[in-house]
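Biologist: Please take a close look at one hairpin in this model, and then follow its connections outward into the rest of the chain.

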Amino acid sequence: MKAVIIAGGLGTRLRPLTYNTPKPIVPVANRAFVIHQIEHLKRHGVSEIILNLHYLPDAIKQVLGDGSQFGVKLFYSIESDPLGTAGAVKNAEEYFGSDLLIVFNGDVLTDLNISKMVDFHRQKKAKATIALTPVEDPTAYGLVLTGEDSRVKEFLEKPNWERLEGIAKFEINAGTYVIDPKVFKDVPKNTRYMFEHDLFPKLLMDRERVFGYSSASFWLDIGNIAKYKHAHEAILRGEVAVRVLGMREDGACFIGRGAKVAKSAKLISPVLVGEEAAIMDGAVIKDYSVVGSKVAVGANSTVENSIIWDNSSIGEHVKLSQSIVGYNCRIEDNCSIRGVVLADNSLVAKGTIFNA
């Protein structure tokens, strides 16, 4: 089987982290996010993956190459202008072939059982199958209504509570699809076209077989800062099955290869310390913190519920809480920082207090 990962977005909701780093390779648990998606697809028998790209595509190609290091073959489909979700997949049509196509939203962290979803799709003889996930409040999403046979009846885009009266279950589009590639023949080329607003409603109008695959698997759109942090907490709690690099110690404490942790330092699970990081005397890393590769945390500093990207340095007697620190940043001694997102290459001078 082949898959398309729709990964052409600008990542505006993750700024300033995405000014220099396109969203697909933003680090999640110290690995480019899209690598987690590639490995997930590979576990379910996908050997060829098409990446739809638009923003800073060369940076992504440099990290992923031809895919051989992950045991898959990668193809790249570049949008010169954003074409919408279905338009982006149409843009990659030359790579499709005749077998089923799995379409994966580039924002989604999930351990959805794709193999079972494909089996369901085949059993239903569907043209398209949409992964569905339950939510308590669907008003910010696109609600998908299905019948007893799981066939899709209607789409409700961001419904108000009055419109939801009498609806027994709230399930939303989870951003993963199994699709017969023939459905793209009528999608216009080089035109903005959406699955949610255009292609799926058209298939319903044409009485094509469109089904919803309900799943309670972990699902999270990591597209904003709060959810990006939530993703790390979920991974460290073991709520979603992704590969974390590092030796596992003391329950949920992961220490990367070549990392040096002073004897008097404390790692309070769950935390992740990256490869070749240095945690100095008396430093404390705790509460779902992730320390990137080659990061130095100075003596007697505390890192709490924070994410630090590679090659940054934290001085001595620093208190860093509920924050994200980009690549190659330097926080000098005696700083107190809470609730801040630092762009790459930031310098925080000695004694600075940030309390967002």
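What follows starts at the hairpin and then moves outward, part by part.

Modeller: This is a predicted model, in which local features need pLDDT of at least 70 and side-chain atom pairs count only at pLDDT 80 or more, while totals for chains, interfaces and linings use all residues. Residues are numbered from 1 along each chain as its sequence is written, and side-chain values use heavy atoms, with hydrogens and water left out.

The hairpin is built from strands E9 (142-146) and E10 (152-157), with Ser150 in the loop between them; helices (H or I, at least four residues) and strands (E, at least two) are DSSP runs, numbered from the N terminus. E9 and E10 pair in the antiparallel sense over five bridges, where pairing requires that DSSP finds at least two bridges between two strands. Val144 has Phe155 as its bridge partner in E10. Five residues separate the strands of this hairpin, and Ser150, although it is not a glycine, has a positive phi of about 75°. Most residues other than glycine have a negative phi, and most peptide bonds are trans.

From Phe155 the picture widens, since this residue belongs to one aromatic cluster together with Phe96, Tyr177, Phe184, Phe195 and Phe200. A search of the whole structure finds 12 aromatic pairs, counted when the ring centres of Phe, Tyr or Trp (its six-membered ring) lie within 6.5 Å, with planes under 30 degrees apart called stacked, over 60 edge-to-face and the rest tilted. Phe75 and Tyr95 make a tilted pair, because their ring centres are 5.1 Å apart and their planes stand at 35°. As Phe75 lies in strand E5 (residues 73-78) and Tyr95 in the loop between helix H3 (84-90) and strand E6 (101-105), this pair ties together parts that are 20 residues apart in sequence. Phe75 counts as buried, at 18% relative accessibility; buried means under 20% relative accessible area, exposed over 50% and partly exposed in between, with a 1.4 Å probe and protein chains only.

Another pair brings us back beside the hairpin: Tyr141 and Trp219 have ring centres 6.5 Å apart and planes at 70°, so they are edge-to-face. Tyr141 is in the loop between strand E8 (128-134) and E9, and Trp219 is in strand E13 (residues 219-221), so the pair ties together parts that are 78 residues apart in sequence. Tyr141 is partly exposed, with a relative accessible area of 26%.

Both hairpin strands also contribute to the lining of the largest pocket, to which H3, E6, E9, E10, strand E11 (171-179), helix H5 (195-205) and E13 each supply at least two residues. A pocket is found on a 1 Å grid over the protein atoms alone, as an open set of points where a 1.4 Å probe fits, with protein on both sides within 12 Å along at least five of seven lines, and lining residues have an atom within 4 Å of a point. The volume of the largest pocket is about 1,200 Å³, taken as the space filled by probe spheres set on the grid points, which are joined across faces, edges and corners. The lining has 48 residues, of which Thr85, Asn105, Asp107, Met194 and Glu196 are the closest to the centre of the pocket. E11 gives the largest share of that lining, with five residues.

Further out lies the largest nonpolar core, with 33 residues, in which Ile5, Ile38, Leu41 and Leu64 have the most contacts; such a core is a set of buried Ala, Val, Leu, Ile, Met, Phe, Trp, Tyr and Cys residues joined through side-chain atoms within 4.5 Å. Ile5 touches several residues beyond four places away in sequence, including Ile38, Leu41, Ile49 and Phe104, where contact means heavy atoms within 4.5 Å. A second, separate core of 28 residues includes Val291, Val318, Cys329 and Ile337. Helix H1 (residues 33-43) is mostly covered, with nine of its 11 residues buried, and among these are Ile38 and Leu41. After H1 comes Gly45, with a positive phi near 85°.

Two backbone details complete the tour. The peptide bond from Arg15 to Pro16 is cis, with omega near 15°, and Pro16 sits in the loop between strands E1 (2-6) and E2 (27-28). The bond from Ser269 to Pro270 is cis with omega near 0°, and Pro270 is in the loop between strands E17 (266-268) and E18 (271-273).
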